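The following exercises ask the reader to work from a sequence and its coordinates to a set of structural assignments. Each task is followed by a stepwise solution.

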Amino acid sequence: MTHIIIIFFSFFGLSFILKESDIFASVRNLLLRNKYVGTFFYGLLSCYACVGFWSGLIIYLFNFNKFNLFHMLTWGFASSAISLITSFVIEKLNNAQNI
């Protein structure tokens, strides 16, 4: 059970780091300024569901030694949902504090 909770937090944690944190700000800015792939990465990095999906794939690869496409996609979709729901809850909590 603890393992599942850690994985759920890692889904959102990695999504947040890639999308919002200052750690990857220079990499994000470099990708967004590129005239060839900038619009693609803008769409990818502006959406928690999108970043969450790729975060799930990365976390899957770190957790398992063998490749299983079905499980990998399942982790991606689960991470996408967890990241989107968590970002929505955090946004609502922030808006409630600002009232």
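The exercises below proceed from the chain as a whole to individual residues.

The model is predicted: local features need pLDDT of at least 70 and side-chain atom pairs count only at pLDDT 80 or more, whereas totals for chains, interfaces and linings use all residues. Residues are numbered from 1 along each chain as its sequence is written, and side-chain values use heavy atoms, with hydrogens and water left out.

**Exercise 1. Determine how many helices and strands the chain holds, and describe its overall extent.**

Step 1. Helices (H or I, at least four residues) and strands (E, at least two) are taken as DSSP runs, numbered from the N terminus. The chain has 5 helices and 0 strands, in the order α-α-α-α-α from the N terminus on.

Step 2. The C-alpha trace spans about 40 × 35 × 20 Å along its principal axes.

Step 3. With contact defined as heavy atoms within 4.5 Å, 57% of the contacts between residues at least 6 apart in sequence join residues at least 24 apart.

Step 4. Buried denotes under 20% relative accessible area, exposed over 50%, and partly exposed in between (1.4 Å probe, protein chains only). Of the 99 residues in the chain, 28% are buried.

**Exercise 2. Identify the residues of the largest nonpolar core and the elements that supply them.**

Step 1. A nonpolar core is a set of buried Ala, Val, Leu, Ile, Met, Phe, Trp, Tyr and Cys residues joined through side-chain atoms within 4.5 Å. The largest one has 9 residues: I7, F11, F53, L57, I59, Y60, M72, W75 and I82.

Step 2. Two or more residues of this core come from each of α1, α4 (48-63) and α5 (69-97). Helix α4 gives the largest share, 4 residues.

Step 3. Neighbours within four places in sequence aside, the core residue Y60 contacts K66, F67, N68, H71, M72 and W75.

**Exercise 3. Is S83 buried or exposed, and which residues does S83 touch?**

Step 1. S83 belongs to helix α5 and is buried, its relative accessible area being 0%.

Step 2. Residues up to four places away in sequence not counted, S83 touches F11, F12, S15, Y48 and G52.

Step 3. S10, in helix α1, is partly exposed at 25% relative accessibility. The C-alpha atoms of S10 and S83 are 9.6 Å apart, although 73 residues separate them along the chain.

**Exercise 4. Explain why C47 and C50 form no disulfide.**

Step 1. A disulfide is a pair of cysteine sulfur atoms within 2.5 Å.

Step 2. The cysteine sulfur closest to that of C47 is in C50, at 3.2 Å, and therefore too far for a bond. The structure accordingly holds 0 disulfides.

Step 3. Both residues are partly exposed: C47 at 24% relative accessibility and C50 at 29%.

**Exercise 5. Locate the salt bridge and the nonpolar surface patch.**

Step 1. A salt bridge is a side-chain nitrogen of Lys or Arg within 4 Å of a carboxyl oxygen of Asp or Glu. The structure holds 1, between the side chains of E20 and K19 (2.9 Å, N to O).

Step 2. E20 is partly exposed at 36% relative accessible area, while K19 is buried at 17%.

Step 3. Patches are made of residues with over 30% relative accessible area and no salt bridge, like charges being joined within 9 Å and nonpolar side chains (Val, Leu, Ile, Met, Phe, Trp, Tyr) within 5 Å. M1, I4, I5, F8 and F9 form a nonpolar patch with about 580 Å² of accessible area together, as computed by the Shrake-Rupley method with a 1.4 Å probe, only the protein chains shown counting as cover for residues.

Step 4. Within this patch, F8 lies in helix α1 (residues 2-19) and is partly exposed at 40% relative accessibility.
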